[in-house]
Amino acid sequence: MTVTGIITALIVGLIVGALGRLVVPGRQNMPIWLHMLIGVGAALLGTVLARALGIATETAGVDWMELLVQVVLAAVAVALVSGVGRRRGVSRY
């Protein structure tokens with residue numbers, strides 16, 4: 001992977017993290033940098049998963065199916081992390 005490929009992956013990851021935040025309903029009590037970090041991880045994992053499933057193809061433009069896999073992974077990760085963070089709080093009865 002070249003330097004340009006790494007920079008592109010980081011930019012796509014930031015966008016995927018933002019889209020993952022928008023897809024999950026409700027309010028997430030997480031800092032934006034954590035969403036972006038989740039997005040970068042989801043973008044990398046989504047690319048690997050899409051290629052393993054034969055979804056990712058070499059196209060001249062945007063591979064929409066691969067992007068969909070990445071956004072779904074980011075949304076699931078955001079939902080899991082924000083749900084775990086909510087349970088750690090102090091409950092008031």
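This is a short walk through the fold, the core and the surface of one protein chain.

Keep in mind that the model is predicted. The overall layout first. The protein chain has 3 helices and 0 strands. Reading from the N terminus, the order is α-α-α. The chain counts 93 residues, and buried ones make up 30% of them.

Now the contacts. Take those between residues at least 6 apart in sequence. Of these, 62% join residues at least 24 apart. On the outside, the chain exposes about 6600 Å². Carbon and sulfur atoms supply 71% of that area.

Next, helix H1, which spans residues 3–23. Which residues form a nonpolar patch on the surface? They are Val 3, Ile 7, Ile 11, Ile 15, Leu 19 and Leu 22. Together they have about 580 Å² of accessible area.

Two members of that patch deserve a stop. Ile 7 lies in helix H1. Its relative accessibility is 45%, so Ile 7 counts as partly exposed. Leu 19 is also in H1. Is Leu 19 buried or exposed? Partly exposed, because its relative accessibility is 32%, and buried would require under 20%.

Ala 9 is another H1 residue. Its relative accessible area is 21%, so Ala 9 is partly exposed too. The cut-off for buried is under 20%.

H1 also gives us two distances to later residues. Leu 19 and Met 36 are 17 residues apart along the chain, with their C-alpha atoms separated by 9.6 Å. Ala 9 and Thr 47 are 38 residues apart in sequence, and 9.8 Å apart from C-alpha to C-alpha. Both partners, Met 36 and Thr 47, are among the buried residues of H2.

So on to helix H2, residues 32–53. H2 has 22 residues. From first C-alpha to last, H2 reaches 30 Å, close to the 32 Å expected at 1.5 Å a residue.

What is buried in H2? The list is His 35, Met 36, Ile 38, Gly 39, Val 40, Ala 42, Ala 43, Gly 46, Thr 47 and Ala 50. Note the two glycines, Gly 39 and Gly 46. After H2 comes Gly 54. The phi of Gly 54 is positive, near 80°.

Last, the interior. In soluble globular proteins, nonpolar side chains tend to be buried together. Which residues make up the largest nonpolar core here? Val 24, Met 30, Ile 38, Ala 75 and Val 78, 5 residues in all. Ile 38 is the one we just met among the buried residues of H2.

Val 24 is worth a closer look. Leaving aside residues up to four places away in sequence, Val 24 touches Ala 75, Val 78 and Ala 79. Of those partners, Ala 75 and Val 78 belong to the core.

Methods:
Residues are numbered from 1 along each chain as its sequence is written. This is a predicted model: local features need pLDDT of at least 70, side-chain atom pairs count only at pLDDT 80 or more; totals for chains, interfaces and linings use all residues. Side-chain values use heavy atoms; hydrogens and water are left out. Helices (H or I, at least four residues) and strands (E, at least two) are DSSP runs, numbered from the N terminus. Buried means under 20% relative accessible area, exposed over 50%, partly exposed in between (1.4 Å probe, protein chains only). Contact means heavy atoms within 4.5 Å. Accessible areas come from the Shrake-Rupley method with a 1.4 Å probe; for residues, only the protein chains shown count as cover. A nonpolar core is a set of buried Ala, Val, Leu, Ile, Met, Phe, Trp, Tyr and Cys residues joined through side-chain atoms within 4.5 Å. Patches are made of residues with over 30% relative accessible area and no salt bridge: like charges are joined within 9 Å, nonpolar side chains (Val, Leu, Ile, Met, Phe, Trp, Tyr) within 5 Å. A salt bridge is a side-chain nitrogen of Lys or Arg within 4 Å of a carboxyl oxygen of Asp or Glu. The expected span of a helix is 1.5 Å times one less than its number of residues.
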